[in-house]
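Me: Could you take a close look at one part of this model for me, the sheet and what sits around it? I'm in my first year, so please go slowly and keep it friendly.

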Amino acid sequence: MTLIEYADRDMMAIDLANRLAGELNGILMHEERATLVVPGGTTPGPVFDVLCDVELDWDRVDVLLSDERWLPEDHPRSNTRLLRERLLKDRAAAARLVPLYMPKGSPEEAISTLEKELRPCLPISVALLGMGGDMHTASLFPRGDNLRLALDSHAPLLLPMRAEGLDEQRITLSARVLKEAINLHIVITGEDKKEAVLRAADLPPEEAPVKAVLGNATVHWAS
Ligand SMILES: O=C1O[C@H](COP(=O)(O)O)[C@@H](O)[C@H](O)[C@H]1O
């Protein structure tokens, strides 16, 4: 794991957004299309605010979430809603959204349809992930009902996930899909998350799921 500490959150948002754009551009120099994976939650908004207006061949970029809460897109907790409001606008409006949610049915019923759209977008060119204070990343939660399978090297691309204390069911990319990203970043803020990510480095992924991707990741932190 490489840890980069920034002077403040604004500096981190600017530097990180430009770095992600540079990596996508590098991929687009020799590939027809690039895939960008981004997290939901409360942390990535400022990065999206910068990234949405960088110059890039956005019409050659497929964008998808690392995980989604199984909620209608107009729900305040929908990660897709965050993506539409903060990233898929301005120049980035030309990017293609690869959905992780379908309005009808359960994650179990939707997975094979969603996987068909996802498969041609792999491997991920650039992944930006978040992390919770409990050391979950994407929706790979400690004590998640599908965590063991989601960490397996032969895991499916997508899994449904439930865990105690969660308000809703989740759908998540598996650890192996995230780990295979060509460029992998984690963005976190606050002293508690810095402590958590350092602690995770010494724990097994069953206890600290972020550990499954840490070896390949650059962690970006600001207080
Ligand atoms: O529920 C989620 O949590 C993590 C971390 O979110 P944050 O609010 O602590 O930044 C996020 O990375 C994930 O995509 C999201 O679904």
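Reply: Let's start from a single pair of residues: Ala127 faces Leu184, which belongs to strand 9. Before going further, keep in mind that this is a predicted model.

That pair is one spot where two strands meet. Strand 6 and strand 9 run parallel and are joined by four bridges. Another partnership between these two strands is Leu128 with His185 of strand 9. So much for one side of strand 6; now for its other neighbour.

Ala127 in strand 6 also stands opposite Val37. Here the pairing is between strand 2 and strand 6 (residues 126-129), again in the parallel sense, with two bridges.

Now zoom out a bit. Strands 6, 9 and 2 are part of an open sheet of seven strands, in the order 1-10-9-6-2-3-5, and the pairing is parallel. At the edges of this sheet you find strand 1 (2-5) and strand 5, each of which pairs on one side only.

Let's walk along that order from strand 9 towards strand 10. Strand 9 covers residues 183-189, and six of its seven residues are buried. Five bridges link strand 9 with strand 10, and the two run parallel. To see one of those links, find Val187, whose bridge partner in strand 10 is His220.

Just before strand 10 there's a loop worth a stop. Asn216 sits in the loop that connects helix 8 (211-214) to strand 10 (218-222). Is Asn216 buried or partly exposed? Asn216 has 17 other C-beta atoms within 10 Å, so Asn216 counts as partly exposed. Leaving aside residues up to four places away in sequence, Asn216 touches Lys179 and Leu184. You've met Leu184 already: this is the residue of strand 9 that stands opposite Ala127. As for Lys179, this residue is 37 residues away from Asn216 along the chain, yet their C-alpha atoms are separated by 6.9 Å.

Now go back and walk the other way, to strand 2. Strand 2 takes in residues 34-38, and five of its five residues are buried. Look at how the side chains are arranged: Ala34, Leu36 and Val38 point one way, while Thr35 and Val37 point the other way. Whichever way they point, all of them are buried.

On from strand 2 comes strand 3 (residues 61-65), joined to strand 2 by five bridges, with the two running parallel. One pairing to look for is Thr35 with Asp62 in strand 3. How does the chain get across from strand 2 to strand 3? Helix 2 (residues 45-51) is the piece in the middle, and together strand 2, helix 2 and strand 3 make a right-handed β-α-β unit.

Strand 5 is an edge of this sheet, and a loop leads up to that strand. Ala95 is in the loop between helix 3 (79-86) and strand 5 (96-97). Is Ala95 buried or exposed? Ala95 has 22 C-beta neighbours inside 10 Å, so Ala95 counts as buried. Not counting residues up to four places away in sequence, Ala95 touches Trp58, Val61, Val63 and Leu88. Take Val61 from that list: Val61 and Ala95 are 34 residues apart along the chain, but their C-alpha atoms are separated by 5.2 Å.

What about the ligand? The ligand is surrounded by 13 residues, and the closest are Pro39, Gly41, Thr42, Thr43 and Gly130. That shell divides into three nonpolar residues, nine polar and one charged.

One last thing to find while you have the model open is another sheet. Three strands form an open sheet in the order 4-8-7, and this time the pairing is antiparallel. Its edge strands are strand 4 (67-69) and strand 7 (158-161), each pairing on one side only. From one strand to the next, the twist averages 20 degrees. Strand 7 is joined to strand 8 (residues 170-173) by four bridges, and there you can spot Leu158 opposite Leu173 of strand 8. Helix 4 (residues 107-118) lies across strand 7 and strand 8, at about 155 degrees to strand 7.

Key
Residues are numbered from 1 along each chain as its sequence is written. This is a predicted model: local features need pLDDT of at least 70, side-chain atom pairs count only at pLDDT 80 or more; totals for chains, interfaces and linings use all residues. A residue is near a molecule or strand if its C-beta atom, placed from the backbone, lies within 6 Å of it. Ala, Val, Leu, Ile, Met, Phe, Trp, Tyr, Cys and Pro count as nonpolar, Asp, Glu, Lys and Arg as charged, and the others, Gly among them, as polar. A residue is buried if 20 or more other C-beta atoms lie within 10 Å of its own, exposed if 12 or fewer, and partly exposed in between; C-beta atoms are placed from the backbone. Two strands pair if DSSP finds at least two bridges between them. A crossover is right-handed if, with the strands pointing away from the viewer, the path from the first strand over the helix to the second runs clockwise. Axes are lines fitted to C-alpha atoms, for helices over the stretch in contact, and angles run from 0 to 180 degrees between N-to-C directions. Two residues are in contact if their C-beta atoms, placed from the backbone, lie within 7 Å.
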